[in-house]
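Trainee: Please take a close look with me at the salt bridges and at the sheet that we can reach from there, going step by step. I would like one connected account that I can follow in the viewer.

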Amino acid sequence: MSENEKKIESDNNSDKRLKGASMGTNHFGNVAEDVDSYGKTWRKLISYCRKHLSVIVMALILILASNVLQVIAPGRLRVLTDIIQNGISGTIEMNAVITVAVTLAVIYAIVALLNFLQSFIMAGVTARISEHLRTEISRKINKLPLKFFDSVSLGDIISRVTNDVDTIGQTLNQNIGTLMASSTLFIGSLILMVWTNWILALVVVAASAVGFVSSKAVLSRSKKFFKAQQTGIGAVGGHVEEIYSGHSVMKAYNGKKAAKETFAELNRNLYTAAWKAQFVSGFVTPLMQFSGTFAYVAVCVVGAMLVMRGQITFGVIVAFLLYVSQFTQGLTHIAETFPGLQGTTAASERVFDLLDEEELSDESDKTQRLDDIKGDVGFAHVKFGYTRDKAVIHDFSAQIKSGQKIAIVGPTGAGKTTIVNLLMRFYELDGGEISIDGVPISQITRANVHDQFSMVLQDTWLFEGSVRENIMYNKVGVTEEEIVAVCQAIGLHHFITALPDGYSTILNDNASMSEGQKQLVAIARAMIHNAPMLILDEATSSVDTRTEALIQAAMDQLMTGRTSFVIAHRLSTIKNADLIFVLKDGDIIESGTHNELLGQNGFYTELYNSQFEVK
């Protein structure tokens with residue numbers, strides 16, 4: 001499969017993913033409510049946080065202590081009220097009033113301090129958890145096979161690293177502490193209400209039950225909307241990333257309207273999911289406020305009746321009103337945390353689905369290494385397909401000797417780039433064997449295989465860093481003289497010295513480089529790497545004819561004594577190849593030198609003549 005054909009297939013897959021996301025699905029699953037998956041996701045999240053368990057427990061203990069003190073406070077206020085009420089008809093015991101008032105002040109001061117400490121601790125631990133999650137995702141991405149990225153939107157992956165991890169961190173920081181505090185307040189208030197007066201306690205529970213049951217029904221309906229919301233964020237991110245990375249192509253083909261329509265559809269679906277999630281979950285607060293107000297009224301009415309009968313004092317009603325406030329406040333906050341927890345469940349599921357993806361096979365047991373290789377390469381009955389049901393390479397066999405320059409030519413989709421990808425172990429074979437110096441590459445690590453090759457691809461990759469750093473990427477011990485010599489050899493030195501800071505110029509959006517200049521930097525990088533074997537995949541496709549001739553001369557010098565694989569559509573660039581493989585439909589149909597193949601007057605001759613006028 002050629003680069004162009006793979007790109008088209010990737011774009012088609014991208015469209016399918018975006019359409020799937022707009023309907024509430026993504027690469028990893030369906031948004032239909034699944035109780036088992038929610039429980040499984042939370043077990044994974046709790047297990048992941050286990051390394052921070054001691055710090056989280058400390059924060060929860062502080063929350064517990066703070067809320068126990070808050071629950072105790074109304075009892076002290078009841079005593080204060082009774083003292084004042086009894087003193088109205090006689091003398092108020094000021095010492096007792098002062099003692100109770102100071103006790104209340106100390107209690108609330110300690111509560112404030114404990115709340116500050118737990119907030120400080122939770123902010124720190126959740127930031128660390130978010131950092132570790134991003135680190136785990138980064139490590140995971142480096143362990144995933146390329147076939148994973150062939151079927152997943154890059155924007156969706158970015159959304160998992162940013163939006164989903166942020167959602168998890170915010171929930172752990174805000175909602176977990178709130179849930180613990182509210183639960184303590186709720187349970188403690190309930191216990192003390194029953195202990196103070198069981199009749200008023202039943203009144204409060206009955207009045208609050210209406211709001212609680214209603215809120216539970218509301219929250220059960222909002223789960224799927226939160227999952228669709230997180231999926232929609234990933235879909236929008238994927239569309240934006242793909243469209244704006246190819247913005248010039250979209251402009252050139254007048255695809256603005258279609259891109260806007262696709263974005264509008266995805267944005268509309270995200271809006272619908274987000275609106276429904278927030279709207280449905282938004283009913284929780286007014287429902288709980290209504291039940292809290294109803295409980296207040298009920299306590300006042302029933303409490304007044306009990307006071308008139310002499311069954312309770314006025315201080316009990318005052319304390320109970322505070323208990324009702326704490327009880328309904330705890331219940332309301334518990335209900336309000338559930339929308340956030342549901343959003344976190346959806347975000348966690350997406351993150352852990354990524355972390356659970358199948359990785360490249362473990363190679364820690366492989367001890368064999370390739371060092372100081374000659375460069376003999378063998379392909380023996382190689383079979384491969386990007387999908388199991390569609391083979392690209394059917395039965396490829398070839399023997400390449402050390403130092404040979406091998407050209408691989410053929411029509412689009414013949415499998416030229418695929419051969420190189422298999423040689424680099426970017427993909428695993430479906431059948432057959434590839435060997436270097438007689439050693440099957442499946443018996444050595446991928447990293448060791450990659451060390452044997454310098455590679456220049458048609459699509460150049462430059463990162464934000466200096467020109468020097470881009471050229472000597474991941475190569476240590478390179479001198480300035482070596483970098484300058486390589487750049488002079490390929491005609492890049494003059495351009496670099498014309499940059500504001502020369503070789504120290506940072507390559508970013510402010511440093512404009514043409515595609516040809518970027519490709520020259522990539523070629524310089526390959527020459528600096530100086531590996532035993534070389535792969536050139538349309539390495540001069542973006543440069544002019546004069547520069548191509550200069551690069552070709554430099555490349556011929558670089559390829560001397562090295563086994564080289566050259567993929568080229570311009571057949572004039574591979575006339576001096578030692579051996580040319582002509583591929584069609586994943587098989588070698590012709591092989592030989594340029595003159596030998598022309599003499600056969602076969603498929604290669606047709607390809608060659610199609611590029612030149614034969615007179």
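Mentor: In this predicted model, a salt bridge joins glutamate 363 to arginine 425, with 2.7 Å between the closest N and O atoms. The two residues come from distant parts of the chain, since 62 residues separate them: glutamate 363 lies in the loop between H11 and strand S3 (377-384), whereas arginine 425 lies in the loop between helix H12 (416-423) and strand S6 (431-436). Both glutamate 363 and arginine 425 are buried. The pair also belongs to a network of salt bridges, in which Glu363 and Arg425 are linked with Lys366, Glu428 and Arg446.

The structure holds 13 salt bridges, and two others are useful to set beside this one. In one of them, the side chains of aspartate 164 and arginine 350 meet with a distance of 2.7 Å from N to O. Here too the pair links distant parts of the chain, 186 residues apart, with aspartate 164 in helix H6 (residues 154-196) and arginine 350 in helix H11 (residues 314-355). Aspartate 164 counts as buried because its relative accessible area is 0%, and arginine 350 is likewise buried, at 1% relative accessibility. The other is formed by glutamate 480 and arginine 468, whose closest N and O atoms are 2.8 Å apart. Glutamate 480 sits in helix H15 (residues 480-489) and arginine 468 in helix H14 (residues 467-471), with their positions 12 residues apart in the chain. Both ends of this bridge are partly exposed, glutamate 480 with 32% relative accessibility and arginine 468 with a relative accessible area of 22%.

Let us return to H12, the helix named beside the loop of arginine 425. Leucine 423 has its place in this helix, and it is classed as buried because its relative accessible area is 1%, under the 20% cut-off. What does leucine 423 touch, leaving aside its neighbours within four places in sequence? Its contacts are Val377, Phe379, Ile434, Ile441, Val449, Phe453, Ile535 and Phe565. One of these contacts, phenylalanine 379, is 44 residues away from leucine 423 in sequence, while the C-alpha atoms of the two are 8.9 Å apart in space.

The next element to look at is the sheet. Six strands make up an open sheet with mixed pairing, and their order is S8-S11-S12-S5-S13-S14. Strand S8 (453-456) and strand S14 (587-592) are the edge strands, and because each has a single partner strand, one side of each is left without a neighbour in the sheet. On average, neighbouring strands of this sheet are turned by 15 degrees against each other, direction ignored. At the S14 edge, five bridges pair strand S13 (residues 579-584) with S14 in the antiparallel sense, and leucine 583 has isoleucine 588 of S14 as its bridge partner. H12 packs on this sheet, where it touches strand S5 (405-409), S8, strand S11 (533-537), strand S12 (563-567) and S13, and its direction makes about 145 degrees with that of S12. Another helix, H17 (residues 515-529), lies across S8 and S11 and runs at about 175 degrees to S8.

How is S12 held within the sheet? Four bridges join S12 to S5, and these two strands run parallel; among the paired residues, isoleucine 406 has phenylalanine 565 in S12 as its bridge partner. S12 also pairs with S11, in the parallel sense and over five bridges, and leucine 536 stands opposite valine 566 of S12. Five of the five residues of S12 are buried, so this strand is largely enclosed by the rest of the structure. Thr563, Phe565 and Ile567 point one way from the strand, whereas Ser564 and Val566 point the other way, and all of them are buried. Phe565, as listed above, is also among the contacts of leucine 423.

For a contrast with these buried residues, consider a part of the surface. Met94, Ile98, Val102, Val106 and Ile110 form a nonpolar patch there, and together they have about 430 Å² of accessible area. Isoleucine 98 lies in helix H4 (residues 94-143), and with a relative accessible area of 47% it is partly exposed.

Key: Residues numbered from 1 in each chain as written. Predicted model: local features only at pLDDT ≥ 70, side-chain atom pairs only at ≥ 80, totals over all residues. Heavy atoms only, no water. Salt bridge = Lys/Arg side-chain N within 4 Å of Asp/Glu carboxyl O. Buried < 20%, exposed > 50% of the residue type's maximum accessible area, 1.4 Å probe, protein only. Pairing = 2+ DSSP bridges. Axes fitted to C-alpha atoms, helices over the stretch in contact; angles between N-to-C directions. Contact = heavy atoms within 4.5 Å. Patch = residues over 30% accessible without salt bridge, like charges linked within 9 Å, V, L, I, M, F, W, Y side chains within 5 Å. Areas by Shrake-Rupley, 256 points an atom, 1.4 Å probe, with all protein chains shown as cover.
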